[in-house]
Amino acid sequence: MNTFHWFLLELVRFYPVYRLDFVQNRTRSLRIESPEVPEVTAQHEARPTLTTEAGAPLADNQNTETAGPGGPLLVQDQQLFEKLAHFNRERIPERIVHARGGGAYGTFTLTRDVSQWTRARFMSEVGKQTETFLRMSTVAGSLGSADAVRDPRGFALKFYTEEGNYDLVGNNTPVFFIKDASKFPDFIHTQKRDPYTGSQEADNVWDFWGLSPESTHQVTWLFGDRGIPASFRNMNGYSSHTYQWNNAQGEVFWVKYHFKTNQGIKNLTAEEAAVLAGTDPDSHQRDLREAIERGEFPSWTVQVQIMPAGDAATYRFNPFDLTKVWPHADYPPIEIGKLELNRNPDNVFAEVEQSIFSPAHFVPGIGPSPDKMLQGRLFAYADAHRYRVGVNADHLPVNSPHATESRTYGRDGALYDGRHNRAKNYEPNSFGGPAQTDQPLWSTTAVTGFTGNHAAPTHAEDNDFVQAGDLYRLMSQDEKDRLVTNLANGISGVSPDRDDIVDRAIGNFSHADADLGRRLELAVKELRG
Ligand code: HEM
């Protein structure tokens, strides 16, 4: 027997032994590395099972999967990567303006018959109630800024009507800084951070206002007592713009809305606000939520000023100029309803951050006016929503109609939920798809002249300063003093070598009221030395 034969015989004799030993060793080593499958814990039994986004049960949400206890992470720990990747995408772009705000649901109740002016069905019967969602905000600050600052407050109201959602996107001020939409991005750039310094700069703010004399009325308002409301509950809301109402006979009326707070107007002084903004940046949002939690439902009395269409051409002020009010003596506010907030959103991101409001959301009986700012806004908002929230933003529960449903041939896009099932996606069709009404929401208005880059027309008493002066002269002596101090503190922040900016800014207030201009000049001189 040669060596080879001996080896074969040995192999056959001892194979079972070698094999057993190998298998046992392997099993032993596998047992060492693999932990026991743990018992289901009592804590787990009491709570629903944690899962991945795809619904598979998740074993460990506290320790990542590694190669050995001290080793590096394993690519197969997809639960970890899903968690980190989702977290990285938790933010959507903040609103380019009005980034910071709070909101709540509520009810609008009609208290007066308005059918002579509008055929809007949600305002067709005294006592009729409509669900609403109101978001109030500051304008210039970013999402993480403080509430208690000098800034207009947004007052964006959604009515969930049976004829679709009607959005009234106003402010707590009856007027605005500018009257042409093309100036809005430039204006907002001066309110936001300077491209070089990264801070808001007094130079930019006062340069723009000084060179835009139409802002004098709103700036007087903003630096007066109402410039820093004590809370969202203690301020009024206004449509600011003029809108069209039209009745069943097709007659047109121009309207401005006022929402008068039933909590009383309360404001903060500049000093009080500086302390509050530093100690409680969320003061407005917390105040609103807690009041509703306590059952103290904030409310506003709703009024409208109504101008018959025939008055517009000869009214002493251009009725579509957003820098002007209609004095109450000319068109007295008429009380028509009550707005109450009575339910907090359950999820701020879903319902407040992702809420969208558009001045172009009208219902039958209500429409736009030729206000040049409003016309620009009719485009800007839906465009912002598509970018900020997505093309299907209006499918989210807070944004979709609650008292009717939307029926369109629009389809698909990111996060489309298939709501139209098998329905045809084109028009005209012979498959019974939704059909148009042939009834425009608003009435036609006459236009004249040639196309061109026109400034808004001026009427008999229009100029950039008259209503700012009237506002100043209405103030008590104390209010005037505080206005001068606030303006002087603001203007004196302009760079020492830019007296021209200071002079232009003061010049606008002098045009509004000579006494205001004189006092401002002295106060600024004292501060700038
Ligand atoms: C042409 C002038 C204006 C333009 C282009 C403009 C544009 C915008 C844009 C892009 C947003 C962010 C929308 C979003 O991301 O959801 C916004 C928000 C807002 N704007 Fe304007 N805006 C203008 C004038 C005004 C005026 C005059 C008012 C008040 C009378 C106003 C009130 C608001 C309010 C309240 C919000 C916040 C809405 C919310 O809570 O979601 N805006 N604006």
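Here are a few friendly notes on the annotated domain and active-site residues of this predicted model.

1. Let's start with the domain. UniProt, in an unreviewed entry, places the feature "domain: Catalase core" at residues 51–435. In the model, helix makes up 21% of that span and strand 19%, and its end C-alpha atoms are 45 Å apart.

2. Now to the active site. The same kind of record, an unreviewed UniProt entry, gives the annotation "active site" to His98 and Asn171. The two are spread over 74 residues of sequence, yet they cluster in space, with a largest C-alpha distance of 10.4 Å.

3. His98 first. You will find His98 in the loop between α3 (78–88) and β1 (101–110). Is His98 buried or exposed? His98 counts as buried because 22 C-beta neighbours lie inside 10 Å, and the cut-off for that label is 20 or more. Setting aside neighbours within four places in sequence, the contacts of His98 are Ser137, Val139 and Gly154.

4. Asn171 comes next. Asn171 belongs to strand β4, which covers residues 164–171. Asn171 has 24 other C-beta atoms within 10 Å, so this residue is buried too. Again leaving out neighbours within four places in sequence, Asn171 is in contact with Pro152, Arg153, Gly154, Phe155, Tyr238 and Ser240.

5. One detail to look at in your viewer is Gly154. Gly154 is listed among the contacts of His98, and Gly154 is also in contact with Asn171. That makes Gly154 a handy place to begin when you view the two annotated residues together.

Definitions and conventions: Residues numbered from 1 in each chain as written. Predicted model: local features only at pLDDT ≥ 70, side-chain atom pairs only at ≥ 80, totals over all residues. UniProt positions renumbered as here; feature names shortened; annotations may be inferred. Helix = DSSP H or I, 4+ residues; strand = E, 2+ residues; numbered from the N terminus. Buried ≥ 20, exposed ≤ 12 C-beta atoms within 10 Å, placed from the backbone. Contact = placed C-beta atoms within 7 Å.
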